[in-house]
Amino acid sequence: MKKLIVFSTLTGNTEKIANAIFSEIKGDKEIFNVKETQNIDVNDYDKIIIGYWVDRGDADEVSKIFMSKIKNKTIGTFGTLGADPSSEHARSCVEKVRRFLENNGNKVEREFICRGAISPKIIEKFRKMTKEGVAGHHSASPENEKRWSEAEKHPDKNDIENSKNIFKGF
């Protein structure tokens with residue numbers, strides 16, 4: 001059974017989780033950054049694991065383009081985001097990704113999401129927007145600054161182990 005892991009990463013967080021999962025998967029397997037998948041035929045694989053980073057409440061656009069090519073496969077997904085992985089926001093992101101894949105006849109068997117550091121460029125954008133009075137819920141409030149600081153510590157050792165446990169035996 002041939003397995004494929006494809007991931008998209010902005011800050012390296014999703015790549016860390018991808019490598020942890022790759023180390024746990026047994027058998028014939030390959031791993032690629034989504035930017036390296038132009039010559040990959042997803043039909044050559046029995047199971048596919050897709051890693052994404054959350055952008056505006058959904059998988060990043062490059063991951064979604066790749067996901068749209070997958071039909072009638074057994075799938076696992078994992079994502080990273082700056083918010084608490086047990087939050088409604090995180091659950092909504094996971095659900096959107098699942099529905100997107102299932103709409104192409106895929107069966108999503110495993111899912112994982114964890115916190116990951118937010119791109120410093122994005123944080124600076126939010127801070128600038130706050131100064132200009134247009135940041136909304138992404139304002140540089142004390143609460144958000146605390147959340148961004150906490151996200152910098154992830155993915156941590158527990159996140160890595162949890163991802164491996166979710167995909168053990170996939």
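In which helix is R147 found? R147 sits in helix α5. The model is predicted, and R147 is a handy place to enter it.

Is R147 buried, or is it exposed to some degree? Its relative accessible area is 23%, so R147 counts as partly exposed. Buried would require under 20%. Leaving aside neighbours within four places in sequence, R147 is in contact with G82, A83, I118 and H138. Take I118 from that list. R147 and I118 lie 29 residues apart in sequence, and their C-alpha atoms are 9.8 Å apart in space.

H138 leads on to the largest pocket. H138 is among the lining residues that lie nearest the centre of this pocket, together with V54, R56, I122 and F126. In total, 27 residues line the pocket. Its volume is about 660 Å³. Which elements supply at least two residues each to the lining? They are α1 (13–24), β3, β5, α4 (120–131) and α5 (142–151). Helix α4 gives the most, with four residues.

Strand β5 deserves a closer look. How many of its residues are buried? Eight of the eight are, so β5 is largely enclosed by the rest of the structure. In a regular strand, side chains alternate between the two faces of the sheet. In β5, T74, G76, F78 and T80 point one way. I75, T77, G79 and L81 point the other way. Both sets are buried.

Now turn to the strands that pair with β5. β3 and β5 pair in the parallel sense over seven bridges. Within this pairing, I49 has G76 of β5 as its bridge partner. β5 and β6 also run parallel, joined by eight bridges. Here T74 is matched with K107 of β6. Helix α3 completes the picture: β5, α3 and β6 make a right-handed β-α-β unit.

The next stop is the nonpolar interior. In soluble globular proteins, nonpolar side chains tend to be buried together. In this model the largest nonpolar core has 24 residues. Which of them touch the most other members? They are I48, I50, Y52, F66 and I113. Several elements each supply at least two residues of this core: β1 (3–7), β3 (47–55), α2 (61–67), β5 (74–81), α3 (88–102) and β6 (107–115). The largest share, five residues, comes from α3.

I113 shows how such a residue is surrounded. Not counting residues up to four places away in sequence, I113 touches Y52, V54, G79, T80, L81, P85, A90, C93 and V94. Of these, Y52 is also one of the core residues that touch the most other members. V54 is one of the residues nearest the centre of the largest pocket. G79, T80 and L81 are among the buried residues of β5. Apart from the largest core lies another core, of 14 residues. Its members include F7, I17, A20 and I160.

Finish at D28, in the loop between α1 and β2 (29–33). At 45% relative accessibility, D28 counts as partly exposed. What does D28 contact, leaving aside its neighbours within four places in sequence? Its contacts are M1, K2 and K3. D28 and Y45 are 17 residues apart in sequence, and 9.6 Å separates their C-alpha atoms in space.

Notes:
Residues are numbered from 1 along each chain as its sequence is written. This is a predicted model: local features need pLDDT of at least 70, side-chain atom pairs count only at pLDDT 80 or more; totals for chains, interfaces and linings use all residues. Side-chain values use heavy atoms; hydrogens and water are left out. A nonpolar core is a set of buried Ala, Val, Leu, Ile, Met, Phe, Trp, Tyr and Cys residues joined through side-chain atoms within 4.5 Å. Buried means under 20% relative accessible area, exposed over 50%, partly exposed in between (1.4 Å probe, protein chains only). Contact means heavy atoms within 4.5 Å. Two strands pair if DSSP finds at least two bridges between them. A crossover is right-handed if, with the strands pointing away from the viewer, the path from the first strand over the helix to the second runs clockwise. On a 1 Å grid over the protein atoms alone, a cavity is a set of points where a 1.4 Å probe fits but cannot get out, and a pocket is an open set with protein on both sides within 12 Å along at least five of seven lines; lining residues have an atom within 4 Å of a point. Grid points are joined across faces, edges and corners, and a volume is the space filled by probe spheres set on the points.
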